[in-house]
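Q: I have a structure open and would like to go through it step by step. Could we begin with the overall build and then turn to the details?

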Amino acid sequence: MKKPRVGSFLSVVLTLVVVYALVKWGIPALSREVTTLPFPLPVPGTLMFFYMVLTIVALFLFVTFSDEGLNDFLRPVKKFLRGGYTKSLRAVVLTAIPALIGWQVYEITVPKMEVPSSLRIQHPSSNFPKSFEAKKNPIANPTEADVDAFIEQAKANEVDFIPQVRDDVENWAEEVDPDHVLELFPTAAMQKLLAQLQSGDVDKDTARAALLEKNLFEGRALYAMNCRACHGDSVAGDGPMADGFKLRPINFTDNGTIETIVEGYTFWRVANGGPGLPAEATPWDSAMPEWKLSLTEAQRWQIILAEYDLAQKTPRIPESH
Amino acid sequence: MRISKMIPTAFGAALAAVWISSQALAANVPSKPMPEATEALLEQGRDIYFGRCSFCHGLLGDGEGPAAKYLDPRPRDFTLGTFKFRTTQSGELPTNEDLFRTVSRGLQGTAMQSFDSDLFKNGLSEDERWAVIAYIKTFAQEFDDPELDPVETGKVISLPASPAPYGPETIAKGEAVFEKAKCWSCHGKLGRGDGNKEFRKDDWGFPIRIRNVTHPWKIKAGGEVADIYMRFTSGISGTPMPSFVKSLNEEDRWHLANYIKSLQHQLTGHQTLRAKPVQGALPENPDDEAWNTAQPMDIRLAGQVVAAPRWQNPSIEMVTLQALFNDKEIAFRLIWDDAFKDVAHDETKVFNPNELAKVGGFSSYVEANDMVPRALETFRDSIALQFPVKPPQGTKKPHFYRGSSSDQVHLWVWKADQAETGKRGTEEGTARGWKQPIKVQAEDGQQVMGQAKWDQGRWTVVMKRPLKTGDKNDVAFEPGVFVPMSVNAWDGSNGEHGLIMSLSTWHYVFLETPTPISVYVYAVLAFLIAGAVGIWLMRKAENEEEPVEAGV
């Protein structure tokens, strides 16, 4: 029995189709496996063009390697041109190809409605003041005096909460009638402090960790009151207002957002918002408020502390100078 | 032969479909029932509740967390044991799976969002969700009573065993059910939530908005047919939405759910409004048939949360725009849903935002209910189109929130009260940032004309103006140029006025230019040349000697 043989022309066409399919769908599908992102990474158009040109060059070399090879390739083409695959097929193809070319020429020459667009820089640094680079969150790094003051408050059971959480804390205390107001924190660090308060022997590290808990608690409340509407309950950039803005609020749980910048940068962005951005970051499209007009520095630092904590991220460490 | 080859493809597609639907379900349906509420589980739940839930729902679970009073709808008060979104009979407690669904996918259009770790890394795993649900259930004593357990007592509603597949037939039947069950008496004839002549209140005394069922992004407990079916089967506790189990049979409720599904609006995707050139006069009447030819573009709006007084409970979340122009003028038609026609405006009730505008104040947000009156006959409905005064260079524009002192914006502000009394409905004004009010232009510079109407819970407003006015503070339109455009909107009975409003970011309006004749000439030429080459090749091949088949 004669081995069925795929003709040279057909194999060239098949190779082109297979390579195109691999680049168009194969690579994006593979990219999902590699990156484990929920979306595929498409191959850019220029790269696709490059791959296809390479394939065509290789096929051309292959076909024209010998006269025999070229004849092999041209035989079905010539047969087609002579009407060997029925004349009606020839008529259809010889009309369709010019029509396709005409349509392509139309597509290229017709005036396009191209929306003015520019590449947006998400973390612009052209106007970022250098003095902010090494700024550290004073709430995350309390001074000795801050810690001592907190210990005094805790010992006297007169812990000073920000007004925004006070109502809820007082309601809780009224209902539960605890020995100490800090009992409202179920966290280990605070429980340890409470045990030490009872024994009368409070160490500073425990108090510092407990103070951080208190600031996180207040920071989360301030986040929920001020930022949540856009950035969402879980700092995922999906708050109820998010769909109304062309530039969606940043998803802080994404890699490459708040963990790639220093705290000082976050603080600067929160303070100055959209209007504080340079032109390369399209400030006119940003709904980020100038929070310095509404929140104190301490409030902003508390929010930043809570935001990193909720996102389970840490800020980039400033480069030493 | 062909068919047998298609089988693997079809099988693959089916597999993919199964995989996709299982992915969708994974988020909402637990893989196992709620574990026993041990001390350890409750402790884990309490920790999660403290860190993720308490600032809205309160340390005591009473719905009085620090963020609560700024939200509409308010966070659930867990101590009452009243839950809106259930798969149980009217007035019953929810099942564990109901609570799981709400925590997992959140309630659309509200501050209650998804907490599913499949959707973002810092979400809650299935075990963590069960732990926090076990803890939340400790707030209401009702959950301790086995006699009130909807599963034990058989009060759980199941979906129809063989529901009518979605299609024109069931939709038509559903429409008849909508009529018969008088759904329109609250939700309006077209489902826009405009059936009532006055505000309804919930069991807690807060004004509620009857759902506009055509906006799927506001359907809290899910916009799929099964979700919708469940809402009028279970009713929504604490609200005027009853259960229709007694008045409608299962089949009818399913038809009705299909009909409601069919009313959902599909958002247009584009960011540029194409204005079509027309011959002759432009329409001023909102109902003019000329509008049927204009391409619509939906613009989503958000609450004005950029500066104090911030507002996160906007009523108008979508405006649909169309535009037409001729050689002299341009006309816009703006369409948006608003359940109440508010044509009164009481300046004495205007909110003083000074307290909210302080640095380090208690909050810069307007409270959902107590700061501004959310009532009829208080503030006017209004809408504004905003354009940059200077033609933009590249992508540079004024800030979308009223520009700045160096980069002004031009606004066309339509006011329902003025239009109603026969005065000029639309005023042209200039703004230099949000800190100063819009400066209304002089009377002789006012050139925007147009009519408006309110019908069946929907405003339709036409604004028409010359393309160019000669005033340097006015936007000018020219075919082929992209002009940035954005929208501000106010629903008076939602307490909105001044900066308490909804707004959009920049979109574009583009006046179409006719295609030059050369484009067609080139295309035809290319066709002819390619055709000639084809025929030449054909002739050449035919004239060549037919080769002898290389046989052995």
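A: Certainly. Along chain A, from the N terminus on, the elements run α-α-α-α-α-α-α-α-α-α-α. This is a predicted model.

Q: How many helices and strands does that make in chain A?
A: Chain A has eleven helices and zero strands.

Q: Is chain A compact or spread out?
A: Chain A is more spread out than a compact globule, because its radius of gyration is 33 Å, well over the 20 Å that the globule rule gives for 321 residues. Along the principal axes, its C-alpha atoms fill a box of roughly 105 × 55 × 45 Å.

Q: What share of chain A counts as buried?
A: Of its 321 residues, 29% count as buried. As for contacts in chain A between residues at least 6 apart in sequence, 59% of them join residues at least 24 apart.

Q: Which domains does the assignment give for chain A?
A: The domain assignment gives domain 1 (8-109) and domain 2 (130-311). The centres of these two domains of chain A, taken over C-alpha atoms, are separated by 58 Å.

Q: Now the interface. How many residues of each chain are in contact?
A: On the chain A side there are 64 residues, in contact with 69 residues of chain B. Helices 3, 4, 6, 8, 9 and 11 of chain A each supply at least two residues of the side that touches chain B.

Q: Which helix of chain A supplies the largest share?
A: That is helix 4 of chain A, with nine residues.

Q: And what is that side made of, by class?
A: The side of chain A that touches chain B has 37 nonpolar, 16 polar and eleven charged residues.

Q: Let us move to chain B. How do helix 6 and helix 9 of chain B cross?
A: The axes of helix 6 (residues 168-180) and helix 9 (residues 250-262) of chain B come within 7 Å and cross at roughly 100°. Helix 6 of chain B is therefore roughly perpendicular to helix 9 of chain B.

Q: Which residues meet there?
A: Helix 6 of chain B contributes residues including B:Thr170, B:Ile171, B:Lys173 and B:Phe178, and among those they meet in helix 9 of chain B are B:Asp252, B:His255, B:Leu256 and B:Tyr259. The residues of this contact divide into five nonpolar, five polar and three charged.

Q: Where are the cis peptide bonds in chain B that I should look at?
A: One is the bond from B:Asp72 to B:Pro73, with omega near 0°. B:Pro73 is found in the loop between helix 3 (54-57) and helix 4 (96-105) of chain B. Another is the bond from B:Ala308 to B:Pro309, with omega near -5°, and B:Pro309 is in the loop between strand 5 (302-303) and strand 6 (318-325) of chain B.

Q: Which residue in chain A has a positive phi although it is not a glycine?
A: A:Asp177 does, with a phi of about 50°. A:Asp177 is found in the loop between helix 6 and helix 7 (188-199) of chain A.

Q: What about B:Arg402, and is that residue buried or exposed?
A: B:Arg402 has a positive phi of about 70° and is not a glycine either. B:Arg402 lies in the loop between strand 8 (382-388) and strand 9 (409-415) of chain B. B:Arg402 is buried, because 26 other C-beta atoms lie within 10 Å. A:Asp177, with 7 such atoms, is exposed.

Methods
Residues numbered from 1 in each chain as written. Chains lettered and ligands numbered in written order. Predicted model: local features only at pLDDT ≥ 70, side-chain atom pairs only at ≥ 80, totals over all residues. Contact = placed C-beta atoms within 7 Å. Helix = DSSP H or I, 4+ residues; strand = E, 2+ residues; numbered from the N terminus. Nonpolar A, V, L, I, M, F, W, Y, C, P; charged D, E, K, R; others polar. Axes fitted to C-alpha atoms, helices over the stretch in contact; angles between N-to-C directions. Parallel < 35°, antiparallel > 145°, perpendicular 65-115°, else oblique. Rg over C-alpha atoms; globule rule 2.2 N^0.38 Å. Buried ≥ 20, exposed ≤ 12 C-beta atoms within 10 Å, placed from the backbone. Domains from an automatic or database assignment.
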